[in-house]
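I opened this structure to practise finding my way around a fold. These are my notes on what I looked up.

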Amino acid sequence: MRTVAIVGAGLMGHGIALVFALGGHAVRITDARPETLAAVPALIGSALETLREGGLVEAAWTAERVAAAVRLCPTLAEAVAGADLVIEAITEKPDLKQTVFAELDRLCPAGVALASNTSYLDIFPLIPARRQERALVLHWYTPPYIVDLVDVVPGPQTDPALLDEMREMVIGLGQVPIVLKRFIPGYVANRIQSAISAEVYRLLDEGVATPREIDDAVIHGLSLRIPVLGHLAKADFTSLELQRQALLNASYEPPPPRTRSETLDALCAEGRTGVMAGRGFFDWGGREPAELFRDRDRRLIALKKAMRDIGPLTGT
Ligand SMILES: NC(=O)c1ccc[n+]([C@@H]2O[C@H](COP(=O)([O-])OP(=O)(O)OC[C@H]3O[C@@H](n4cnc5c(N)ncnc54)[C@H](O)[C@@H]3O)[C@@H](O)[C@H]2O)c1
């Protein structure tokens, strides 16, 4: 059992806290905003309820037992006292993260591992030099208690033994680590997602397809094979010769890098920012965001259970 301190109790922080609690670890969590910290027990309770309903946690994991494993700490010093792993999950702003890592350097003994959940920032220049050997990225996906992938990413000086240790820890949490050779912004899954987004915004901005049609193509065309085969095993099944031809085929050009989409700008200008606003690309029929998130999570859990039953078809 580890003692894990989580800094930042927002969308990711509270979810990561639940993952570690269910993994049998002692968790301390803190946030700069007292009201965010105070909301943690209710958010964790609701996530636990969803997991229990979906049969992903044993009945022995009562709300009380989880609450006892996750201690709310009003200060950073209290959160990190006695911790052997600290996970930074604060707002994605370099100056804020740099300040937190300077504080952690002051508060934590030398052997403590310092991890960041950053999505895109190169965190390593923001961490004090003498901490580099015990610093790494541990990157979860949302919601972390349902999506199993965890990116384990070294900086230029990270001790390989720490990577092995963290990989084992993630496996012990019942999740799926991938250990990258070096830091690249967005890691693997987010980079693939960014490439998909660039194409989707081109199709929307050029009026080639509607949001419904694009999501129909993703759900009914792209998606079905991915949970069973991933991307590269799918290529093995379709033949690598065909893949070579696809690369040679000059009729398809990937979209150039873009920094904005007219469709996205227009929707945001109308206040159509997504589920939290009731409308985004789609109209969510006046349903409360909390209900929609639960509905999403129920479906994700059902799919995850089906995927576990079916199992991936992988070579070696
Ligand atoms: N949202 C996602 O889908 C997602 C997925 C993976 C990784 N991430 C990464 O995780 C990190 C957190 O993202 P989030 O979506 O949970 O953000 P969030 O805004 O929901 O939560 C961030 C929290 O950090 C707190 N905070 C800010 N400065 C602080 C400080 N100095 N000390 C303590 N707490 C502080 C804020 O009060 C806030 O509650 C970011 O680095 C983000 O890139 C996000």
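The entries below go through the core, the ligand shell, some helices and a few odd backbone spots.

**Entry 1: the core**

Before anything else, a reminder to myself that this is a predicted model. I looked for the largest nonpolar core, and it holds 59 residues. Which of them touch the most other members? I got Ile6, Ala17, Leu18 and Val86. Helix H1, residues 11-22, supplies the largest share of this core, with eight residues.

I then clicked on Ile6 and left out residues up to four places away in sequence. Its remaining contacts are Gly13, Ile16, Ala17, Val27, Ile29, Ile87 and Ala89.

**Entry 2: Ala89**

Ala89 was on that list for Ile6, and I followed it up. I found Ala89 in the loop between strand E4 (85-88) and H6. Buried or exposed? I counted 27 other C-beta atoms within 10 Å of Ala89, so it is buried, as the cut-off for that is 20 or more.

Skipping residues up to four places away in sequence again, Ala89 touches Ile6, Val7, Gly8, Met12, Gly13, Ile16 and Asn117. I also checked Ala89 against Ala9: they sit 80 residues apart in sequence, yet their C-alpha atoms are 7.3 Å apart in space.

**Entry 3: around the ligand**

I turned to the ligand next and found 25 residues around it. Gly8, Gly10, Leu11, Met12 and Ser119 come nearest. Two elements give two or more residues to this shell, H1 and helix H6 (94-107). H1 gives the most, three residues. So H1, which I had already met in the core, turns up here too.

How many residues of each class are in the shell? I noted 11 nonpolar, 11 polar and three charged ones.

**Entry 4: helix H3**

Helix H3 covers residues 40-53, which makes 14 residues. I checked its length: 20 Å from the first C-alpha to the last, close to the 20 Å expected at 1.5 Å a residue.

Its buried residues are Val40, Ile44, Ala47, Leu48 and Thr50. They cover an arc of only 160 degrees around the axis, which puts them on the same side of H3. I looked at what covers them, and among the elements there are H1, strand E2 (26-30), helix H2 (34-38) and helix H14 (289-310). Just after H3 comes Gly55, with a positive phi of about 75 degrees.

**Entry 5: helix H7**

I ran the length check on helix H7 (residues 160-172) as well. Its 13 residues should span 18 Å at 1.5 Å a residue, and the end C-alpha atoms are 19 Å apart, which agrees.

Which residues of H7 are buried? I found Met166, Met169 and Val170. Looking down the axis of H7, I saw the buried residues fall within an arc of 95 degrees, so they line one face of the helix. That face packs against E6, E7 and E8. On the other side, the exposed residues are Pro160, Ala161, Asp164, Glu168, Ile171 and Gly172. After H7 I noted Gly174, with a positive phi near 80 degrees.

**Entry 6: helix H13**

Helix H13 (residues 262-269) is hardly covered: I counted zero buried residues among its eight. Gly271 follows H13 and has a positive phi, near 80 degrees.

**Entry 7: odd backbone spots**

Most residues other than glycine have a negative phi, and most peptide bonds are trans. I went looking for exceptions.

Tyr187 is one of them, with a positive phi near 55 degrees. It lies in the loop between strand E8 (176-179) and helix H8 (189-205). Tyr187 has 20 other C-beta atoms within 10 Å, so I marked it as buried.

Ser239 also has a positive phi, near 100 degrees. I found Ser239 in the loop between helix H11 (232-238) and helix H12 (240-248). Why does Ser239 count as exposed? Because it has 10 C-beta neighbours inside 10 Å, and the cut-off for exposed is 12 or fewer.

My last find was a cis peptide bond between Thr142 and Pro143, with omega about -10 degrees. Pro143 lies in the loop between strand E6 (135-139) and strand E7 (149-154).

How values were computed: Residues are numbered from 1 along each chain as its sequence is written. This is a predicted model: local features need pLDDT of at least 70, side-chain atom pairs count only at pLDDT 80 or more; totals for chains, interfaces and linings use all residues. A nonpolar core is a set of buried Ala, Val, Leu, Ile, Met, Phe, Trp, Tyr and Cys residues joined through C-beta atoms within 7 Å. Helices (H or I, at least four residues) and strands (E, at least two) are DSSP runs, numbered from the N terminus. Two residues are in contact if their C-beta atoms, placed from the backbone, lie within 7 Å. A residue is near a molecule or strand if its C-beta atom, placed from the backbone, lies within 6 Å of it. Ala, Val, Leu, Ile, Met, Phe, Trp, Tyr, Cys and Pro count as nonpolar, Asp, Glu, Lys and Arg as charged, and the others, Gly among them, as polar. The expected span of a helix is 1.5 Å times one less than its number of residues. The arc is that of the directions from the helix axis to the C-beta atoms.
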